[in-house]
Amino acid sequence: GWHYGKNQSPASYANRWIAKTYDRINLTVPKGKKAEIQAFAANRGESVNGFINRAIDNQIAQDENESQP
């Protein structure tokens, strides 16, 4: 289970764990695009973060396949 310090909330523990485990990228999109991405991801039953990570992984795979001789 989760073990918190004496004066530590579950949220602060989770934030520390996320900071140690993940890199953050600040993404800037044109006005209105955020809502479009949120709606698209929600319609597919996934989070915005999950959708963006899937899109990046798919694009990397596609680009790698195109560069193969």
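**Note on a predicted three-helix chain**

1. At 40% relative accessibility, W17 is classed as partly exposed, because buried means under 20% relative accessible area, exposed means over 50%, and partly exposed covers what lies in between (1.4 Å probe, protein chains only). Y22, with a relative accessible area of 49%, is partly exposed as well.

2. The basis of these values should be stated. This is a predicted model, in which local features need pLDDT of at least 70 and side-chain atom pairs count only at pLDDT 80 or more, while totals for chains, interfaces and linings use all residues. Residues are numbered from 1 along each chain as its sequence is written, and side-chain values use heavy atoms, with hydrogens and water left out.

3. On confidence, pLDDT is the predictor's confidence in each residue, from 0 to 100. Its mean over the chain is 91, and 91% of the residues reach 70 or more. Among the elements, helix α2 (residues 33-43) has the highest mean pLDDT, 98, and α1 has the lowest, 91.

4. The chain contains 3 helices and 0 strands, in the order α-α-α from the N terminus. Helices (H or I, at least four residues) and strands (E, at least two) are DSSP runs, numbered from the N terminus.

5. What radius of gyration does the chain have, set against that of a compact globule of 69 residues? The chain has 17 Å, whereas such a globule would have a value near 11 Å. The radius is taken over C-alpha atoms, and the globule rule is 2.2 Å times the number of residues to the power 0.38. Along the principal axes, the C-alpha atoms fill a box of roughly 55 × 35 × 25 Å.

6. Of the 69 residues, 6% count as buried. The chain exposes about 6400 Å², of which carbon and sulfur atoms supply 52%; accessible areas come from the Shrake-Rupley method with a 1.4 Å probe, and for residues only the protein chains shown count as cover.

7. The structure holds 2 aromatic pairs. One of them joins W17 and Y22 edge-to-face, at 5.9 Å centre to centre with 75° between the planes. Rings of Phe, Tyr and Trp (its six-membered ring) pair if their centres lie within 6.5 Å; planes under 30 degrees apart count as stacked, over 60 as edge-to-face and the rest as tilted.

8. Two further residues may be located. I18 belongs to helix α1 (residues 10-21) and is partly exposed at 30%; its C-alpha atom is separated by 25 Å from that of F40, 22 residues apart along the chain. V48 lies in helix α3 (residues 48-66) and is partly exposed, at 30% relative accessibility.
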